[in-house]
Amino acid sequence: MLTVIAFLVALGLLIAIHEYGHYRVAVACGVKVLRFSVGFGKPILRWHRPGKPTEFVLGALPLGGYVRMLDEREAPVDPAERHLAFNTQPLRSRAAIVAAGPLANLLLATLIYSVINWVGIEEPQPVLSAPAAGTVAERAGLRGGEWVLRASEANDGSDGLAAGEGVASFEDLRWRITQAALDGQDLTLWVAAAPEAPARPITLALAGLDVREADAALFRRIGITSPHTAPRVGQVFDGGAAQAAGLRDGDLVRRIDGRPVRDGQELRRLIRESVGPQGQPKPQRWDIDRGGQALSLAVTPRPQQQGGQWIARVEAYVGDAPAMLTVRHGPVDGLVHGVQRTWEMSWLTLKMMGRMLIGEASLSNLSGPLTIADYAGKSASLGLTSYLLFLALISVSLGVLNLLPLPVLDGGHLMYYLWEALTGRSVSDAWMERLQRGGVVVLMALMSVALFNDVVRLAG
């Protein structure tokens, strides 16, 4: 139920903001707006503001919306009101009205990011966990426990610690890594044992990575998947392998089979890998610290099949929660960061679309309504801040998508207006009809791919 409610609230809000952008600028340009609708189909709620011509409608199918304006191309217009029709407005006014919807979504994202910056958000410290062998991070010389102070891409002109950009949190670091990987650029990190300790540069060789999908698998190849956590056993489940071995809540794991365990991620990896190719269990010797007392226990993780592969589990929570910090900015700095994040997300979205178009990125990156609904529910369950960040992300995506030069979208209409500005004449009705049909075909194809990806993700 939470997923449904969170999805409907998100969809309704983002559509309402988008259509309000069209509506507000249309009214400001002197255009008569006949209907403002959130949703399609049979109206379930409608009202008029006293003395205003616009009918406000809430439709039964909340998968879009529209603003219907007085327009001679759609119905006869009283000569006395011709100056209020959309089609009689100057080119600059028509373009502004069309562009206002997507821009309203981008402004909403900027506002959300700015408010979160002002209020502050709890995020993991930028302290690295131990990378798996053979990953980019391991080859760069990272061993786990390093605090990342600053970062810079290879082509940004940075030549020292002071020139790189400060890393505020682990999530900020992941964002920098994502951008560098998609840019095909190496990323230099300045790392230290603590925030005030001397720093040293290390370079993540990201330029040679095949970045077809910006997902969890990419970060596993890079070797930076989660922040540093202590290798501690949390809640031990009744009847599980951990309980059978004598493990207790709070046990700190020092070594497994004589190998030092540096953090929670490495502990989880050693547990998962303790299984033979046919699912044979592999006993382990765990050296632990229990309240200052050193103990050695025989632990046999239990094999399970997951995704067609054998992994092992001890049936206990493994790894402490990461150390957190509060990321907060002042009024001006918070707004600047909000604008910057909206721009970065918009550019990343455009870049991924371009890469998919030329075959350099997988179409599996497309997400449809089922995935969006799933993320809406998950983000809402994590709290208001997570849900707001989800809204900002979807608002950016909606704004950028609608600005694409695809007929039937706002960007398609802007493309027509660009043609009119360059040639002095509007697109003919015949060409308009052909382009609209082509746009519908392309849009339906993209939606089909997105829905297929949704089904595959949820089934997996």
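Which residues form one aromatic cluster together with Trp47? In this predicted model, where local features need pLDDT of at least 70, side-chain atom pairs count only at pLDDT 80 or more, and totals for chains, interfaces and linings use all residues, the cluster is formed by Tyr20, Tyr23, Phe36, Trp47 and Phe56. Residues are numbered from 1 along each chain as its sequence is written, and side-chain values use heavy atoms, with hydrogens and water left out.

A pair of aromatic rings is described by the distance of the centres and the angle of the planes. Rings of Phe, Tyr and Trp (its six-membered ring) pair if their centres lie within 6.5 Å, and planes under 30 degrees apart count as stacked, over 60 as edge-to-face and the rest as tilted. The structure holds 9 aromatic pairs. One of them joins Trp47 and Phe56, whose rings are stacked at 5.8 Å centre to centre with 15° between the planes. Tyr387 and Phe390 also form a stacked pair, with 6.0 Å between the centres and 25° between the planes; both residues lie in helix α10 (residues 384-403; helices are DSSP runs of H or I, at least four residues, numbered from the N terminus), 3 residues apart, or about one turn of the helix.

Relative accessible area (buried under 20%, exposed over 50%, partly exposed in between; 1.4 Å probe, protein chains only) is 43% for Trp47, which is therefore partly exposed, whereas Phe56 is buried at 10%. Tyr387 counts as buried at 10%, and Phe390 is likewise buried, at 8%.

Methods: Helix = DSSP H or I, 4+ residues; strand = E, 2+ residues; numbered from the N terminus.
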